[in-house]
Amino acid sequence: MKKTVRVVTTAMTLAALVMGISQAEAAMPGGTNTMAKMHMYFPRHSLGFPRYFYQFHPGPHWDLVNASALHLTAAQIKQEKMLEMGMMQDTQRGVMALKNAYRKYSEDAKLPDPSIRALIQDVQAVGHAQAYLGYEMIPYHLKGYRLLDPAQQVIYHRLARENWSQIHKTKMMHR
């Protein structure tokens, strides 16, 4: 039975790493900067956000950082800030759910004779929490973009391409 527990635990740990979040990140203390924790998580998420999503839809925070270049109106800035706050709150809830799912899985896996059903449910809970973190931000990013008028959208696409090129160049220099 000990060998089975070890094999299951090792497989689940590897699956968690492949899915994009390390146990260290999932177990970060609550005092750690929430934005930093989220920032660390998303680039390694299994959905490949930087490559497939973020480069095309950088989100409301990015819109606000580029407010002057995008010529955002006061009303647009207010709406972008509301989107940013909503996304942060949903993401914080998701990070907490993920941490709790990992914590429960870890506790159950350490039992001398753990329930197979409980471990499977724990792994499913981790998967659901990760999926939530994958999709909860998408509407906020797209709604932020949809606040822009057609002229602002043209500027947005140009800036997003430049931003992505700069990020890619920086990564290449640090290799």
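1. His71 counts as exposed, because its relative accessibility is 55% and the cut-off for that class is over 50%. In this predicted model, His71 lies in the loop between helix 6 (67-70) and helix 7. The phi angle of His71 deserves attention: the value is near 60°, which is positive although the residue is not glycine. For background, most residues other than glycine have a negative phi.

2. Leu72 is also placed in the loop between helix 6 and helix 7. Is Leu72 buried or exposed? With a relative accessibility of 11%, Leu72 counts as buried, since the class requires a value under 20%. Leaving aside residues up to four places away in sequence, Leu72 touches Asp63, Ala67, Ile77, Glu80, Leu148 and Gln152. A link across the sequence can be seen here as well: Leu72 and Asp149 are 77 residues apart along the chain, while their C-alpha atoms are separated by 9.4 Å.

3. The overall architecture may be stated briefly. The protein contains ten helices and zero strands, and from the N terminus on its elements run α-α-α-α-α-α-α-α-α-α. Of the 175 residues in the protein, 38% are buried. Among contacts with a separation of 6 or more, 76% are accounted for by residues 24 or more positions apart.

4. The packing of helix 7 (residues 74-109) against helix 9 (residues 138-146) should be examined next. Two packed helices are described by the angle between their axes and the distance between the axes. For helix 7 and helix 9, the angle is about 175° and the axes are 9 Å apart. The two helices are therefore roughly antiparallel to each other, as angles over 145 degrees are placed in that class. Helix 7 contributes Glu80, Leu83, Gly86, Met87 and Asp90 to the contact, and helix 9 contributes Tyr140, His141, Lys143 and Gly144. Sorted by class, the contact has three nonpolar, three polar and three charged residues.

5. One of the residues in this contact, His141, lies in helix 9. His141 counts as buried because its relative accessibility is 5%. Which residues does His141 touch, not counting residues up to four places away in sequence? They are Phe53, Tyr54, His57, Pro58, Gly59, Pro60 and Met87. In addition, His141 and Phe56 are 85 residues apart in sequence and 9.8 Å apart in space, C-alpha to C-alpha.

6. Glu84, which lies in helix 7, is a point for closer inspection. Glu84 is buried yet has no salt bridge. The nearest side chain of opposite charge belongs to Lys81, 7.4 Å away. Why is this pair not counted as a salt bridge? The rule requires a side-chain nitrogen of Lys or Arg within 4 Å of a carboxyl oxygen of Asp or Glu, so the 7.4 Å between Glu84 and Lys81 does not satisfy the rule. Apart from residues up to four places away in sequence, Glu84 touches Pro60, His61 and Leu64.

7. Side chains of opposite charge can pair when their charged atoms come close. How many salt bridges are counted in the model? The count comes to four. One of them joins Arg93 and Asp90, with the closest N and O atoms 2.2 Å apart. Both residues lie in helix 7, three residues apart, about one turn of the helix. Asp90 is buried, with a relative accessible area of 14%, and Asp90 is also among the residues of helix 7 that make the contact with helix 9.

8. A further salt bridge in helix 7 is formed by the side chains of Lys104 and Asp108, at 2.7 Å from N to O. Because Lys104 and Asp108 are four residues apart in helix 7, about one helical turn separates them. Lys104 counts as partly exposed at 41% relative accessibility, whereas Asp108 is buried, with a relative accessible area of 13%. Lys104 and Asp108 are also linked with Asp122 in a network of salt bridges.

9. In helix 10 (residues 150-173), Arg158 and Glu162 are four residues apart, so about one helical turn separates them. Their side chains meet in a salt bridge of 3.2 Å, N to O. Arg158 is partly exposed, with a relative accessible area of 37%. Glu162 likewise counts as partly exposed, at 42% relative accessibility.

Conventions
Residues are numbered from 1 along each chain as its sequence is written. This is a predicted model: local features need pLDDT of at least 70, side-chain atom pairs count only at pLDDT 80 or more; totals for chains, interfaces and linings use all residues. Side-chain values use heavy atoms; hydrogens and water are left out. Buried means under 20% relative accessible area, exposed over 50%, partly exposed in between (1.4 Å probe, protein chains only). Lys and Arg count as positive and Asp and Glu as negative; His and the chain ends are not counted. Contact means heavy atoms within 4.5 Å. Axes are lines fitted to C-alpha atoms, for helices over the stretch in contact, and angles run from 0 to 180 degrees between N-to-C directions. Angles under 35 degrees count as roughly parallel, over 145 as roughly antiparallel, 65 to 115 as roughly perpendicular and the rest as oblique. Ala, Val, Leu, Ile, Met, Phe, Trp, Tyr, Cys and Pro count as nonpolar, Asp, Glu, Lys and Arg as charged, and the others, Gly among them, as polar.
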